[in-house]
Amino acid sequence: MVRCPPVGLRLPAAEIVFAAASMAAVLAGAVVAASACLLLFYPFWDRWWRPWQIKRCLRRQGISGPPPRLFSGNLHERNVLRRQATLSHMPYLSHDIVPRLLPDYVQWSKVYGKSFLFWWGAEPRLAVYDLDQIKELLSSKHVHMLGRSELQRRGVAHFIGQGLLMANGQAWSHQRRTVAPAFHSQNLKHQVSHMINCTMEVSQEWSRMLEMKDEIEVEVSDCMSHLAGEIIARTQFSNDYKKGKQIFIKLGELQRLSIKSSNLNHAQRQRVQHLKHQVESMFMEIITSRMSRVFLNPSTQEEKFNETVSSRYGHDFLGLVLAEIDICKQKAMVNLGHPHGCKNIIRRHHMFQNKTGEEELEERIYSSQHLMDECKTFFFTGHETTWLLLTWTFMLLASYPSWQERAREEAIIAMKNTFGLPQFDMLSKLQVLDMILLETLRLYTPATILAREAFTDIKVGNLEIPKGLSVWVPVLAIHHDKDIWGEDANEFKPERFANGVSKSCKHPMAFMPFSFGPRNCVGQNFAMMEAKIVLSLLLSRFSFELSPSYIHAPICILTLQPKYGVPIIVRRIKSDTLSII
Ligand code: HEM
């Protein structure tokens, strides 16, 4: 019988060393490969792992939603639903527009409940419908915990930039503090004459066209878009208004191109860059010329500093924001112990050295780039929404002659002693017009949804919202909900606002065209003032009827718009109507 010695014992020493070295090399290789993998996949952590965690967290709370596809989430299904819903027009004067504009919400909420999870590509979004939860989410308690998501900011970067609408956190607080005074009532008063002048131009044009005819057909959506653009150009830049108008034409093109940014060809991408450059250069010219007019003119310098802050740079938005920036800078200089306060705005840009985080923030906020972004934001927000409020109000007034008559009577009586022109103080007395505007904002709210991303874990009531989840408030669906507004929710009934907004429905938070809380619309008083001035002036001079060529087809392209415009028949008011009143 042959006996074999144990195998290990037969290995010579060199082979043992070689085996050990190989094992060490394999182990080292595995460690290097694992580290490389970690480094490589770290950026995808937030994209893939966090959404998965979010899904688990919501499932634990009993919230589910439509199953997502791998890369596109529920976007494909949403797009198909929306395309199908808008294939045909709506019945004439039906205001039941939610199934057409939010078909995805209608379908998914039927299956998964009013609050559900859906996927915007890789971004998880939670539809929130509970009004108490919405109230708490939008309250000041959560103002820095929620904000604009990266996806939202990227989508509008070219035509809004980092202006107030898209700012987050401390930067948002600073910006809001800086621009809000421009919308205080004592400053809004200065905008009335600009609004009247722009509207009178429209009135004169219509009167000229009516010299030869009894009636004319006007595409009121184009006309109001043009008018709202003129008003925002004048109120923002007063003396530099002509250059402001050129900017806004280019910004409009930039906006249209940016909205379809996912399928831009090379030439269009170049056009975007070119337009952006042109717009920014023109803004810079206006801003630096305004600054130098005040600060580089030695004869007026001291005198200017003795003026009230609000009039130092002029009463337009740019002037008011520049003045407010000055006050903030003055405070910052006092805090830094600088002896000369704020004598030279341009010199001060070079003064901040060894910056703390706070100082860096201050400087960034006061930069010209920032001012430019703010101007762009005002144009976009001030034009897009007000134009639509005016257009939809014309559509409704033209369709409901008795309300048109009541609003006209009220306007004519209110302007009896002011040569037929509106005054700032009388606007609050236009109650019928106020009710009509509120009902228009309810039925055809320009901003159909509100979206915010949670920057940290949040708890509202029983609902846990994990970091990284975007909440999505379907404002349009809430505005048309029969449980909240009653069986007549889809009817035009301005009288529901006769006793104020809070008594118009079952829940005081259900009416939110301007959103709520500290991030509500900073320009809402400006918008309502503009709408009242334009409408009271035109109502007191002309009557309107919806043209037979009107096709009722609301669509959503960022905001709620009439797909084929709103053609109306305009006639001059008979003089006997005026004398009766
Ligand atoms: C009918 C007219 C208007 C409507 C319906 C409207 C609606 C809204 C809504 C819903 C928001 C909140 C958006 C959100 O939280 O996601 C908002 C914010 C804002 N709006 Fe308006 N808006 C109107 C007119 C204006 C005007 C005329 C201006 C300025 C000239 C303006 C400037 C802004 C700005 C700067 C914000 C951002 C506020 C912040 O984040 O602190 N809006 N608006």
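**Exercise 1. Which residues make up domain 1 and domain 2 in the domain assignment of the chain?**

Solution. This is a predicted model. Domain 1 is assigned 47–157 + 448–490. Domain 2 is assigned 158–447 + 513–580.

Next, look at where the two domains meet. Here 26 residues of domain 1 are in contact with 25 residues of domain 2. On the domain 1 side, α4 (98–101), α7 (150–155) and α21 (475–479) each give two or more residues. Of these, α21 gives the most, with three residues. By class, this side of domain 1 has 12 nonpolar, 10 polar and four charged residues.

**Exercise 2. Describe how α10 and α11 pack.**

Solution. Two packed helices are described by the angle between their axes and the distance between the axes.

Step 1: find both values. The axes of α10 (residues 192–210) and α11 (residues 220–237) come within 9 Å and cross at roughly 150°.

Step 2: name the arrangement. Angles over 145 degrees count as roughly antiparallel, so α10 is roughly antiparallel to α11.

Step 3: give the handedness. The crossing of α10 with α11 is right-handed.

Step 4: list the contact. From α10 come His194, Met195, Cys198, Thr199 and Val202. They meet Cys223, Leu227, Glu230, Ile231, Arg234 and Thr235 in α11. The residues of this contact divide into six nonpolar, three polar and two charged.

**Exercise 3. Which helix gives the most to the shell around the ligand?**

Solution. Start with the helices that supply at least two residues each: α18 (368–399) and α23 (524–539). The most comes from α18, with seven residues.

Now turn to the residues. Of the 23 around the ligand, Thr381, Gly382, Thr385, Cys521 and Gly523 come nearest. The shell divides into 13 nonpolar, eight polar and two charged residues.

Definitions and conventions. Residues are numbered from 1 along each chain as its sequence is written. This is a predicted model: local features need pLDDT of at least 70, side-chain atom pairs count only at pLDDT 80 or more; totals for chains, interfaces and linings use all residues. A residue is near a molecule or strand if its C-beta atom, placed from the backbone, lies within 6 Å of it. Helices (H or I, at least four residues) and strands (E, at least two) are DSSP runs, numbered from the N terminus. Ala, Val, Leu, Ile, Met, Phe, Trp, Tyr, Cys and Pro count as nonpolar, Asp, Glu, Lys and Arg as charged, and the others, Gly among them, as polar. Domain bounds come from an automatic or database domain assignment. Two residues are in contact if their C-beta atoms, placed from the backbone, lie within 7 Å. Axes are lines fitted to C-alpha atoms, for helices over the stretch in contact, and angles run from 0 to 180 degrees between N-to-C directions. Angles under 35 degrees count as roughly parallel, over 145 as roughly antiparallel, 65 to 115 as roughly perpendicular and the rest as oblique. A crossing is left-handed if the near helix is turned anticlockwise from the far one by less than a right angle, and right-handed if clockwise.
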